[in-house]
Amino acid sequence: WRRGIARMLLAAAEEAMGERGYERARLFTLEGSPAERLYQAAGWTRTDRREPYPPMGLMTVMYLRELGPRA
């Protein structure tokens, strides 16, 4: 926790997707999880889409990110 590892992995995944020609990425995470702060800080946008995650009986939320050249 709080060592930047998740942020580095997320950045590497975004870069790899961009290099492969993907223009947009999406992901689902548990609603209210600490990961939501990470995704928002990394430029991901939470959408209105919510879906249940039956194995745990919890809701997930979808995030989107436009991929492109990094400034």
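**View 1. The open sheet of the predicted model.** In this predicted model, 3 strands form an open sheet whose order is β1-β3-β2, and the pairing between them is antiparallel. The edges of the sheet are taken by β1 (24-30) and β2 (45-53), each of which has a single partner strand, so one side of each is left without a neighbour in the sheet. Averaged over the neighbouring strands of this sheet, and with direction ignored, the turn of one strand against the next is 25 degrees. As a general point, strands of a sheet pair through backbone hydrogen bonds, in either a parallel or an antiparallel manner.

**View 2. The pairing of β1 with β3.** Strand β1 runs antiparallel to strand β3 (residues 58-66), and 7 bridges join the two. Two of the residue pairs can be followed here: F28 has M62 as its bridge partner in β3, while R24 has E66 as its bridge partner in β3.

**View 3. The hairpin of β2 and β3.** These two strands pair in the antiparallel sense over 6 bridges, and the hairpin that they make has 4 residues between the strands. Within this hairpin, G57 takes a positive phi near 70 degrees. Among the bridge partners, L58 in β3 is matched with Y53, and Y63 in β3 is matched with R46.

**View 4. The aromatic cluster of Y39, W44 and Y63.** The structure holds 2 aromatic pairs. In one of them, the rings of Y39 and Y63 have their centres 5.8 Å apart and their planes at 50 degrees, and the pair is therefore classed as tilted, given that planes under 30 degrees apart would count as stacked and planes over 60 as edge-to-face. Because Y39 lies in helix α2 (residues 35-41) and Y63 in strand β3, the pair ties together parts that are 24 residues apart in sequence. Ring pairs link Y39, W44 and Y63 into a cluster. Y39 has a relative accessibility of 15% and so counts as buried, and Y63, at 0% relative accessibility, also counts as buried, the limit for this class being under 20%. Y63 thus appears in two of these views, here as a ring in an aromatic pair and in the preceding one as the bridge partner of R46.

**View 5. The contact between E14 and R65.** E14 lies in helix α1 (residues 5-19), and with a relative accessibility of 6% this residue counts as buried. The side chains of E14 and R65 are joined by a polar contact of 3.5 Å.

**View 6. The whole chain, as a setting for the close-ups.** The chain has 2 helices and 3 strands, and from the N terminus on its elements run α-β-α-β-β. Along its principal axes, the C-alpha trace spans about 40 × 30 × 20 Å. Of the 71 residues of the chain, 25% count as buried, and the accessible surface comes to about 5600 Å², of which 54% belongs to carbon and sulfur atoms. Among the contacts in the chain with a separation of 6 or more, 55% are accounted for by residues 24 or more positions apart.

Note on methods:
Residues are numbered from 1 along each chain as its sequence is written. This is a predicted model: local features need pLDDT of at least 70, side-chain atom pairs count only at pLDDT 80 or more; totals for chains, interfaces and linings use all residues. Side-chain values use heavy atoms; hydrogens and water are left out. Two strands pair if DSSP finds at least two bridges between them. Axes are lines fitted to C-alpha atoms, for helices over the stretch in contact, and angles run from 0 to 180 degrees between N-to-C directions. Rings of Phe, Tyr and Trp (its six-membered ring) pair if their centres lie within 6.5 Å; planes under 30 degrees apart count as stacked, over 60 as edge-to-face and the rest as tilted. Buried means under 20% relative accessible area, exposed over 50%, partly exposed in between (1.4 Å probe, protein chains only). Contact means heavy atoms within 4.5 Å. Accessible areas come from the Shrake-Rupley method with a 1.4 Å probe; for residues, only the protein chains shown count as cover. A polar contact is a pair of N or O atoms within 3.5 Å; within protein, one must be able to donate a hydrogen and the other to accept it, and residues adjacent in sequence count only if both atoms are side-chain atoms.
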